[in-house]
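Welcome! Here are a few short exercises on cysteines and nonpolar cores, each with a worked solution. Take a look at the sequence and the 3D structure, then try each task before reading on.

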Amino acid sequence: DMTSRNHTMVTYFQFLPFSSIPEIQGSLFCLVLLMYLSTLVGNILIIVITMVDAALHSPMYFFLKNLSFLPISYTTSTIPKMLVNFLTEGKGISFLGCATQMYAFSLLGIAECCLLAAMAYDRYVAICHPLRYTTMMSWNMCFLLSAVSWLIGVLAALGQTTFIFTLPYCGPNRINHFFCDLLPLLKLACVSTYKNEISIYIIAVLFILVPFLFIVVSYVQILHTIFKMPSAGGKRKTFSTCSSHLVMVTLFYGSAIVTYLRPKAFYSSSSNKLLSLSYTLLSPVMNPLIYSFRNKEVKQALKRLIAK
C-alpha cells in the first residue's frame, strides 16, 4: 500500500494512435464513421420492422430485436470516442469514463453471447420439437431467456470491472488500444495482475465458451434432424431458417474466443486491435445485412413497410 501512496495515481488514460502512419488516420476516420452509421441505421431498421410487422411477432424475431439492440449499444460505447481520437491529439479518457466504457462493453458482449445461445435453443426447439414449439417457447420463456442473458451481463461485467478498477494505476497511462478493453488496461496496473488474468479466463470460459458449446450441441441436434428429412427441398428450407444465426455466431464468437481465450504467449497489441475491430464494428454492421438479405420474411416485411 505504501508503494501505491508514493506514486501519483493515474486520473486519466491516453489511447495510442490506431496506426503509426499519420496519413491513413483520415481514411480510417471516414471508414469507421461510415461503418458506425451503417450499424445504427441497419440495426434500428430491423428493430422497427420486427416491432411494427405482425408477421414477425414470433420468438425468433423477439430475440433478433434484442440482438439488434446490442450492436447499437456497444458500438456507441466505443466508436464515438474512437472517432474523436482520430481527430484530436489528446486522445484521453478519464478514469471513470474508462471504467464506464469497459463496464458497458463487457455487459453487452456477455449478454450477446447468452442471447446467441438463446436463439440457438429457439431454432433447436423449432426444428427438433416442432409440435411442442408453442409450449416450449412461450412468451414467458422468451422473456425469461432474454432477462437472464441481460442479468448475467450486468453481474459478470460489474464483477469484472470492479476487480480491474480497484487495482492501483500509477503510470504509464497510455493504452495501446482504441477503447478501454480488459487486457490492454491490465498491462498498465502497477501490481501483479495474475489473479485478474485468471478471473478474465474464468469469465470468458463461463460466458463465452459455455454458451458457444451449447450452440454447437444445439446445431449437432439440428443437423441430425435435418439429415433425417426425406425431401431435399425440406432440408434446404429448414436449414435456411438457421443459416443467418450460424453466420452471426461464427463472426462474433470467432473473434471473441481468439481475443479472450488465447494463451498469453500469442497476445500482441496490434493483432488484438484488429480482432477487437472485427467484433466491435464488423459483426454489428453485418448483423442487419445477414438477417435481411438471407431472410425472406424480413425482406417481405421491409417491402410492406416501404409500401406503407
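**Exercise 1.** At 0% relative accessibility, does cysteine 142 count as buried or exposed, and what is the cut-off?

*Solution.* Some ground rules come before the steps. This is a predicted model, where local features need pLDDT of at least 70, side-chain atom pairs count only at pLDDT 80 or more, and totals for chains, interfaces and linings use all residues. Residues are numbered from 1 along each chain as its sequence is written, and side-chain values use heavy atoms, with hydrogens and water left out.

Step 1: recall that buried means under 20% relative accessible area, exposed over 50%, and partly exposed in between (1.4 Å probe, protein chains only).
Step 2: cysteine 142 has 0% relative accessibility, so it counts as buried.
Step 3: look for a bonding partner. The closest cysteine sulfur, in cysteine 114, is 16 Å from the sulfur of cysteine 142, too far for a bond.

**Exercise 2.** Find how many disulfides the whole structure holds, and describe the one that includes cysteine 98.

*Solution.* Step 1: apply the cut-off, a pair of cysteine sulfur atoms within 2.5 Å. Searching the whole structure gives two disulfides.
Step 2: cysteine 98 is joined to cysteine 180, with an S to S distance of 2.0 Å.
Step 3: place the two ends. Cysteine 98 sits in helix α4 (residues 95-128) and cysteine 180 in the loop between β3 (174-175) and α7 (182-186), so the pair links distant parts of the chain, 82 residues apart. Helices (H or I, at least four residues) and strands (E, at least two) are DSSP runs, numbered from the N terminus.
Step 4: the torsion about this S-S bond is about -120 degrees, so the disulfide is left-handed. Both cysteine 98 and cysteine 180 are buried.

**Exercise 3.** Which cysteine forms a disulfide with cysteine 170?

*Solution.* Step 1: the partner is cysteine 190, and the sulfur atoms are 1.9 Å apart.
Step 2: cysteine 170 is buried at 13% relative accessibility, whereas cysteine 190 is partly exposed at 34%.
Step 3: counting bonded cysteines along the chain, the disulfides follow the pattern 1-3, 2-4.

**Exercise 4.** Which residues touch the most other members of the largest nonpolar core?

*Solution.* Step 1: such a core is a set of buried Ala, Val, Leu, Ile, Met, Phe, Trp, Tyr and Cys residues joined through side-chain atoms within 4.5 Å.
Step 2: among its 89 residues, these are Phe13, Leu116, Ile164, Tyr169 and Leu185.
Step 3: α4 contributes the most to this core, with 19 residues.
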